[in-house]
Amino acid sequence: MDSVPFGGSQGLSNARLRYATINLDNIGIDLIEFRDPPGEPTRGMANRPGSMHLCLHVDDFESVYARMKEAGFEFLGDDYTFIAGEVTPEAALGTRVAYFNDPDGTNLEIIEPKGGFAN
């Protein structure tokens with residue numbers, strides 16, 4: 001796509017980009033690669049205003065986590081399992097997560113949700 005009007009809607013003079021849209025029941029996810037004008041990776045920390053992350057649901061956390069480590073993914077910290085007092089409802093206890101960044105610095109998460117997180 002090469003569009004001056006779309007670029008204007010993004011606050012840019014022009015926008016040459018590739019994109020894909022994923023439509024789910026009640027949400028649409030746009031994956032956009034701006035080719036011109038190019039941007040710079042944000043390398044934003046999770047606690048910075050305006051930051052975001054994309055969460056990827058996995059059914060077998062241990063297997064996915066191990067395969068990713070073997071493939072050279074660098075996680076931001078250790079994987080984590082939620083304990084009592086940290087999640088509501090308690091049925092969500094045992095939800096396991098790990099965070100990493102893609103090459104552009106986007107914060108990503110793998111999650112094996114339990115209870116309330118599984119909805």
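The second largest pocket in this chain is lined by L24, I27, I29, L54, C55, L56 and H57. Keep in mind that you're looking at a predicted model. The chain has two helices and six strands, and, starting at the N terminus, its elements run α-β-β-β-α-β-β-β. Let's start with the pocket and then work through the sheet, the hairpins and the core.

**The pocket**

- The second largest pocket has a volume of about 160 Å³.
- Strand β3, which covers residues 53-57, gives the most to the lining of this pocket, with four residues.
- Sort the lining residues by chemistry and you get six nonpolar, one polar and no charged.

**The four-stranded sheet**

- Four strands make an open sheet in the order β3-β6-β5-β4, and the pairing is mixed.
- β3 and β4 (80-81) sit at the edges with a single partner strand each, so one side of each has no neighbour in the sheet.
- β3 runs parallel to β6, and five bridges join the two.
- If you want a spot to look at in that pair, find H57, which stands opposite I111 in β6. H57 also turns up in the lining of the second largest pocket.
- β5 and β6 run antiparallel and are joined by six bridges. Here F100 stands opposite L108 in β6.
- At the other edge, β4 and β5 pair in the antiparallel sense over two bridges. Y80 has V97 in β5 as its bridge partner.

**The hairpins**

- β5 and β6 form a hairpin with five residues between them. In that turn, G105 has a positive phi of about 95 degrees.
- β1 and β2 are joined by a hairpin too, this one through four residues.
- β1 pairs with strand β2 (residues 28-36) in the antiparallel sense, over eight bridges. One place to see this is A20, whose bridge partner in β2 is L31.
- Y19 belongs to strand β1, residues 16-23. Y19 and L31 are 12 residues apart in sequence, but their C-alpha atoms are 5.4 Å apart in space.
- Is Y19 buried or exposed? Its relative accessibility is 53%, so Y19 counts as exposed, given that the cut-off for exposed is over 50%.

**The nonpolar core**

- The largest nonpolar core has 10 residues in all: V58, F61, V64, Y65, M68, F75, A98, F100, L108 and I110.
- Three elements each supply at least two residues of this core: α2 (61-70), β5 (96-101) and β6 (107-112).
- Which element gives the largest share of this core? That's α2, with four residues.
- V64 is a handy core residue to zoom in on: leaving out residues up to four places away in sequence, V64 touches V58 and I110.
- F100 and L108, which stand opposite each other across β5 and β6, are both on the list of core residues.

**The chain as a whole**

- The chain has 119 residues, and 23% of them count as buried.
- Now take the contacts between residues at least 6 apart in sequence: 36% of these join residues at least 24 apart.

Key: Residues are numbered from 1 along each chain as its sequence is written. This is a predicted model: local features need pLDDT of at least 70, side-chain atom pairs count only at pLDDT 80 or more; totals for chains, interfaces and linings use all residues. Side-chain values use heavy atoms; hydrogens and water are left out. A nonpolar core is a set of buried Ala, Val, Leu, Ile, Met, Phe, Trp, Tyr and Cys residues joined through side-chain atoms within 4.5 Å. Buried means under 20% relative accessible area, exposed over 50%, partly exposed in between (1.4 Å probe, protein chains only). Contact means heavy atoms within 4.5 Å. On a 1 Å grid over the protein atoms alone, a cavity is a set of points where a 1.4 Å probe fits but cannot get out, and a pocket is an open set with protein on both sides within 12 Å along at least five of seven lines; lining residues have an atom within 4 Å of a point. Grid points are joined across faces, edges and corners, and a volume is the space filled by probe spheres set on the points. Ala, Val, Leu, Ile, Met, Phe, Trp, Tyr, Cys and Pro count as nonpolar, Asp, Glu, Lys and Arg as charged, and the others, Gly among them, as polar. Two strands pair if DSSP finds at least two bridges between them.
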